[in-house]
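Let's take a friendly walk through this model, starting from a handful of annotated positions and working outwards. Please keep the structure open beside you as you read.

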Amino acid sequence: MSVPQATLPDLPYAYDALEPFISRQIMELHHKKHHQTYVNSLNAIEASFAKATTPKERIALQAALKFNGGGHINHSLFWKNLAPAASENKGNGGVLQDGPLKDAIIQSFGSLDNLKKEFNTATAGIQGSGWGWLGLNTATKRLEITTTPNQDPLLTHVPIIGVDIWEHAFYLQYLNVKVDYLNAIWSVINFEEAEKRFTESPKL
């Protein structure tokens, strides 16, 4: 029985399209090297898992499956989560239009600025590597900020916006100043994609 192969998704924009907020160098390394490594590792581990003949062998592979599978899932979401900045006359990044997502953000946080502040504070506080998320709590039907360590995918909420806080996502440009990266990335957040996820989520 053949195992379906994960593949590296194409970016929906050029590698330099997010400048000056995220550099071409970072985007190329992040996509071509880091994400590709998660894809390659995931395929290799899934092949090994398929060939495993004992529960002990499969258990030994589960952590690597979670890590590399999460890396693939999170990054595939992350690329769509971004768009060229409207302020650079390139695209729609950073612009939150009137609509269901804006209404939900105001309901949960009072304003977009408050969301950014709370999100950046929570995400900057991650010890080591991980992800910051704006997620939909389907029980309360409200947007909430949460984080996950390493490459763990978000399972407790419907992911609406995810931000990679691994050093490979920002260090070449922002060095160790996470806050500068977090402030900058809001200029290239694709709120249209975020609203699509919000409106299509099973919240009702």
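In which helix does His-30 lie? His-30 is part of helix H1, which runs over residues 24-51. Please bear in mind that this is a predicted model.

**The annotated site**

His-30 is worth a look since the unreviewed UniProt entry gives it as "binding site", together with His-75, Asp-164 and His-168. These positions are spread over 139 residues of sequence, yet they cluster in space, with a largest C-alpha distance of 12.2 Å.

Two of the listed residues can be set side by side:

| Residue | Element | Relative accessibility |
|---|---|---|
| His-30 | H1 (residues 24-51) | 1% |
| Asp-164 | S3 (residues 158-164) | 0% |

Is His-30 buried or exposed? His-30 counts as buried because its relative accessibility is 1%, and buried means under 20%. Asp-164, in strand S3, is buried too, because its relative accessibility is 0%.

**Who touches whom**

If you set aside neighbours within four places in sequence, His-30 is in contact with His-35, Phe-78, Trp-79 and Ala-169, and also with the annotated His-75, Asp-164 and His-168. On the same basis, Asp-164 has contacts with His-30, His-75, Phe-78, Gly-130, Trp-131, Ala-169 and Tyr-181.

Which side chains make polar contacts with the side chain of His-30? One polar contact, of 2.9 Å, is with the side chain of His-75. Another, also of 2.9 Å, joins the side chains of His-30 and Asp-164.

**The helix that carries His-30**

H1 is made of 28 residues, and its first and last C-alpha atoms are 40 Å apart, close to the 40 Å expected at 1.5 Å a residue. Where does H1 bend? The bend is at His-30 and comes to about 30 degrees.

His-30 has company among the buried residues of H1, which include Ile-26, Met-27, His-31, His-35, Tyr-38 and Leu-42. What do the buried residues of H1 pack against? Their partners are helix H2 (55-80), S3 and helix H5 (171-174). S3 is also the strand where Asp-164 sits.

**The annotated domain**

Finally, the unreviewed UniProt entry carries the annotation "domain: Manganese/iron superoxide dismutase C-terminal" for residues 98-197. In the model, this span is 42% helix and 23% strand, and its end C-alpha atoms lie 16 Å apart.

Definitions and conventions: Residues numbered from 1 in each chain as written. Predicted model: local features only at pLDDT ≥ 70, side-chain atom pairs only at ≥ 80, totals over all residues. Heavy atoms only, no water. UniProt positions renumbered as here; feature names shortened; annotations may be inferred. Helix = DSSP H or I, 4+ residues; strand = E, 2+ residues; numbered from the N terminus. Buried < 20%, exposed > 50% of the residue type's maximum accessible area, 1.4 Å probe, protein only. Contact = heavy atoms within 4.5 Å. Polar contact = N/O pair within 3.5 Å; in protein donor to acceptor, adjacent residues only side chain to side chain. Expected span 1.5 Å × (residues − 1). Bend = angle between axes of the 7 residues up to and from the residue.
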